[in-house]
There are 2 protein chains.
Amino acid sequence: MRYEEAGVHIEAKAEALKRAKEAIAATYTPRVLRGLGAFGGLFDAGGLKEMKEPVLVATTDGVGTKTLLALQVGNVSGLGFDLVNHSVNDLLAQGALPLFFMDYLAASRLEEEVLSALLTSLAEACKALGIPLLGGETAEMPGVYREGAWDVVGTLVGVVEKEEILGPERVREGDLLLALPSSGPHTNGYSLIRKVVEGLDLEALVPELGESLKEALLRPHRAYLKEFLTLREAGVRIHAIAHITGGGLPENLPRALPEGLGAEIRKGSWPIPPIFPYLQRLGNIPEEEMYRVFNMGLGLILVLPEKEAQRAQDLVESFPVGRVVAGSGVQLV
Amino acid sequence: MRYEEAGVHIEAKAEALKRAKEAIAATYTPRVLRGLGAFGGLFDAGGLKEMKEPVLVATTDGVGTKTLLALQVGNVSGLGFDLVNHSVNDLLAQGALPLFFMDYLAASRLEEEVLSALLTSLAEACKALGIPLLGGETAEMPGVYREGAWDVVGTLVGVVEKEEILGPERVREGDLLLALPSSGPHTNGYSLIRKVVEGLDLEALVPELGESLKEALLRPHRAYLKEFLTLREAGVRIHAIAHITGGGLPENLPRALPEGLGAEIRKGSWPIPPIFPYLQRLGNIPEEEMYRVFNMGLGLILVLPEKEAQRAQDLVESFPVGRVVAGSGVQLV
C-alpha cells in the first residue's frame with residue numbers, strides 16, 4: 001500500500017504551489033526574511049523597536065460556508081479577499097494595523113485548479129493591502145471533508161501602540177455610532193443563505209437586486225483599512241470599533257461597549273443592501289433573526305465623540321446610525 | 001426560517017467555551033492584555049524592544065486525520081498536545097521560541113463535549129510549555145465537514161534574535177546529524193495508518209507493541225522545547241534543525257541543508273518504535289514509502305559540529321544517525 005492509495009496527493013499540492021508562487025512572492029516586503037518552503041515564516045520585527053509600547057494583535061478566522069456557494073458556481077477568486085479583509089477588520093477593531101498573514105486551506109481532495117486559484121486570490125488580497133502572505137498550510141483529508149468541500153482559514157498578526165488600543169474603556173455615554181457600509185452579507189450567514197436560495201438559478205438576473213444572486217452573494221467582504229488610515233491621518237479620535245460579523249449587531253456591537261452602556265440604533269438611518277430584504281422575504285425570516293445573523297448593511301461601526309463623527313463623515317462614506325446610551329445591549333428604534 | 005434550522009448551533013459553542021474558560025485563562029501570562037471574547041487577542045510585545053534584532057516566526061499546522069482515529073475511540077484529549085507540540089517544533093527548526101498560540105476548531109456539528117475537551121486539551125498543552133492560548137475561532141459547517149468529523153488547526157507565533165536564526169547557511173560538510181527520538185507517528189501518515197488498521201480492535205493489547213493500537217497511535221506528538229532550552233543554556237552551537245513531519249526524512253531533512261550538501265543516514269543507528277515495522281508488515285508498505293510518510297522514530301534532527309554533538313549527547317537523549325556529506329538529498333546506508 002502506498003500513500004497515494006490512501007487518498008493523499010502530494011504532487012497536486014506541489015504543482016499548485018508552483019503556480020501561485022509568483023503571486024505569493026509579490027506580497028513580500030523587505031521585512032520577509034523567509035517565506036514559502038521554510039518550516040515557519042520569518043518576519044523582521046525591527047520596526048517594533050521604534051514603537052513606545054508595541055502590542056501584537058492576532059485574529060484567526062474562516063470564510064465559512066461561503067466557500068460552498070463559490071465552489072457551486074465555480075468561482076473561488078473572491079474567497080481570498082473575503083478571508084484577508086475580514087481579518088483586517090478584526091484588527092482594526094483594536095486599532096491595530098496588519099503585519100503578516102498565514103493561511104490554512106483544506107479539502108477532501110487538493111484539486112490543483114482550485115488550490116492555485118485560492119492561493120492566488122489570497123496573495124492578491126494580501127498584496128492589495130500591503131500585507132505579506134508569510135506562510136501557511138494545505139491539507140488533504142478525504143475522511144474529514146465532504147466530497148468537493150474546502151475550508152479557507154487564516155491568521156492575521158498585527159501591531160498597535162499600547163496607548164492607541166481601542167476599546168470599551170474609552171467609550172462615553174452620548175458617543176455617536178458611525179457605520180461604514182458593508183458590501184452585502186460579507187462572510188456571515190451563509191448556512192442560512194444556502195438554504196434560502198437552494199434550487200434557484202444563481203446566474204439569472206434578479207430585477208429587484210439589479211444583478212444575479214451569484215454577484216450579490218459572492219461579492220467579497222469589504223476591508224476598511226483605507227478608511228481607517230484616512231481617519232487616523234486626519235487625527236480623528238475613535239473610541240472603539242465593532243466589526244459586525246457572525247451574531248450580527250446584537251452580539252458584536254456590545255463587545256465595543258463598557259458595562260452600563262448600550263446602543264440605540266435608528267432604523268432607516270443607513271442604506272440596507274437589497275439582498276437582505278430579498279433573503280428575508282424569500283426565507284420568511286423574522287426581522288429579529290435577520291439582525292442576529294446578518295450585518296444588514298453595517299460593516300463596521302465606529303464609536304466616537306459627536307464632534308469627531310462630523311469630521312469623519314466628511315472624510316469617508318459613512319452613516320450616523322445611533323448613539324451610546326445608558327443601559328445595555330442594542331435597541332433598534 | 002431561523003439559523004438553528006439551517007444547522008448552526010450558537011449556544012453549544014458558548015457553553016463549551018464557558019467550560020474550557022478556566023483552562024484557557026490559566027495559560028495567560030502578564031503579557032496577555034486581552035484574550036477570549038475580544039475581536040483579536042492582544043499580546044504585550046514590550047519584550048521585543050530589549051532584543052537586538054527581533055524576528056517574528058509564524059507557523060500554521062493541523063493535526064490531520066489523527067482526529068478521526070481519536071474520535072473513533074472517543075478520546076480527543078491528546079489532540080491539543082499534538083497540535084501545539086508540532087507547532088513548537090516548527091519554530092525550534094528556526095531557532096525561535098514561542099510567544100502565543102491561536103487555534104481553529106471546526107466540525108460538522110460543534111458538539112459541546114468534544115469542543116470543550118479539545119479546547120481544554122489545547123489549553124493544557126499550551127500551559128505545559130508556558131504559551132498563552134491567545135485566541136481562536138470555532139466553526140460549525142455541516143455542508144463542509146463529514147458527519148462527526150473535526151479539523152484541529154492552529155497558528156503559533158514566536159520570536160528569534162536575527163543573528164541566532166538557524167538554517168542551511170550555517171551547515172558545513174562533515175556536520176553531525178543528531179536525532180531526538182519521536183514518540184511514534186506523531187501527527188503524520190494517519191490517512192495511511194487508518195487504512196492499514198481498518199477493522200482491527202484498537203483497544204486490544206498487541207503483544208508485539210506491548211500496548212494497544214489506541215495507545216501507540218494516539219500518543220501525542222513530542223515537543224522538543226525542553227531539550228532545545230537545555231542545549232541552549234549549555235551553549236551548544238546548533239547549525240540547523242529539521243522537524244521530521246509529512247514527507248518524512250527525504251522531504252524534511254534537505255530543508256535544513258544548503259545547495260551542494262546532502263545527508264548520509266546510517267540505518268540501525270537509532271531505535272525505531274515497534275509501531276512502524278508493525279504498520280509496514282500489516283500494510284505491506286515498501287520501505288522507501290515508510291520513510292517518505294513516517295518519521296520512523298526520528299522526531300527532530302539537529303545538524304551541528306561533531307564536537308558540539310558530543311556535548312549534546314551528554315545533555316539530552318539523542319542518537320548520532322549520520323553526517324552531512326557532499327551531494328544532495330538523503331541517502332540511507
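This is a short talk on the salt bridges, aromatic pairs, cavities and a few single residues of one structure. Please keep in mind throughout that the model is predicted.

I will start with charged side chains. Over all chains, the structure holds 32 salt bridges. I will go through a few of them.

One is made by the side chains of E169(B) and R34(A), at 3.0 Å from N to O. E169(B) sits in the loop between strand 6 (150-161) and strand 7 (176-181) of chain B, while R34(A) belongs to strand 1 (residues 32-34) of chain A, so this salt bridge joins two chains.

The next one is in chain A. E227(A) and R222(A) meet through their side chains in a salt bridge of 2.9 Å, N to O. Are these two residues buried, partly exposed or exposed? E227(A) has a relative accessibility of 15% and counts as buried. R222(A), at 21%, counts as partly exposed. The cut-off for buried is under 20%, so E227(A) falls below that limit and R222(A) does not.

Staying in chain A, E306(A) forms a salt bridge with R323(A), with 3.1 Å between the closest N and O atoms. This pair links distant parts of the chain, 17 residues apart: E306(A) is in helix 12 (residues 306-315) and R323(A) is in strand 13 (residues 319-326). Both ends have some access to the outside by the numbers: E306(A) is partly exposed at 37% relative accessibility, and R323(A) is partly exposed at 33%.

Salt bridges can also share residues. R19(A), E112(A) and E113(A) are linked in a network of them.

Now the aromatic rings. There are five aromatic pairs over all chains. In one of them, Y145(A) and Y145(B) form a tilted pair, with 4.6 Å from centre to centre and 40° between the planes. That pair crosses between chains: Y145(A) and Y145(B) each lie in the loop between strand 5 (133-140) and strand 6 of their own chain. How accessible are the two tyrosines? Y145(A) counts as buried at 0% relative accessibility, and Y145(B) counts as buried at 0% as well.

A second tilted pair is formed by F43(B) and F100(B), 5.2 Å centre to centre with 45° between the planes. F43(B) comes from strand 2 (residues 41-44) of chain B and F100(B) from strand 4 of chain B, so the pair ties together parts that are 57 residues apart in sequence. Both F43(B) and F100(B) are buried.

Next, empty space inside the protein. Rolling a probe the size of a water molecule over the atoms shows where such space is left. How many cavities of 30 Å³ or more does a search of the whole structure find? It finds two.

The largest has a volume of about 50 Å³. It is lined by 14 residues, and the closest to its centre are T60(A), V153(A), T155(A), T60(B) and T155(B). Strand 4 (97-107) and strand 6 (150-161) of chain A, along with strand 4 (97-107) and strand 6 of chain B, each supply at least two residues of this lining. By type, the lining has six nonpolar, six polar and two charged residues.

The second largest cavity holds about 30 Å³ of space. Its lining is made of L180(A), Y224(A), F228(A), L231(A), I238(A), I241(A), L300(A) and L302(A). Helix 8 (225-233) and strand 12 (298-304) of chain A each give at least two residues to it. Here the lining divides into eight nonpolar, no polar and no charged residues.

A word on cysteines. A disulfide is a covalent bond between the sulfur atoms of two cysteines. The structure holds zero disulfides over all chains. Among the cysteines, C126(A) is buried at 0% relative accessibility, and C126(B) is buried at 0% too.

Last, two residues with an unusual backbone angle to look up in the viewer. H186(A) is not a glycine, yet its phi is positive, near 55°. H186(A) is in the loop between strand 7 (176-181) and helix 6 (190-197) of chain A, and it counts as buried at 0% relative accessibility.

N284(B) also has a positive phi without being a glycine, at about 50°. Where does N284(B) lie? It is in the loop between helix 10 (275-283) and helix 11 (287-293) of chain B. N284(B) is exposed, with a relative accessible area of 63%.

Terms used. Residues are numbered from 1 along each chain as its sequence is written. Chains are lettered from A and ligands numbered from 1 in the order in which they are written. This is a predicted model: local features need pLDDT of at least 70, side-chain atom pairs count only at pLDDT 80 or more; totals for chains, interfaces and linings use all residues. Side-chain values use heavy atoms; hydrogens and water are left out. A salt bridge is a side-chain nitrogen of Lys or Arg within 4 Å of a carboxyl oxygen of Asp or Glu. Helices (H or I, at least four residues) and strands (E, at least two) are DSSP runs, numbered from the N terminus. Buried means under 20% relative accessible area, exposed over 50%, partly exposed in between (1.4 Å probe, protein chains only). On a 1 Å grid over the protein atoms alone, a cavity is a set of points where a 1.4 Å probe fits but cannot get out, and a pocket is an open set with protein on both sides within 12 Å along at least five of seven lines; lining residues have an atom within 4 Å of a point. Grid points are joined across faces, edges and corners, and a volume is the space filled by probe spheres set on the points. Ala, Val, Leu, Ile, Met, Phe, Trp, Tyr, Cys and Pro count as nonpolar, Asp, Glu, Lys and Arg as charged, and the others, Gly among them, as polar. Rings of Phe, Tyr and Trp (its six-membered ring) pair if their centres lie within 6.5 Å; planes under 30 degrees apart count as stacked, over 60 as edge-to-face and the rest as tilted. A disulfide is a pair of cysteine sulfur atoms within 2.5 Å.
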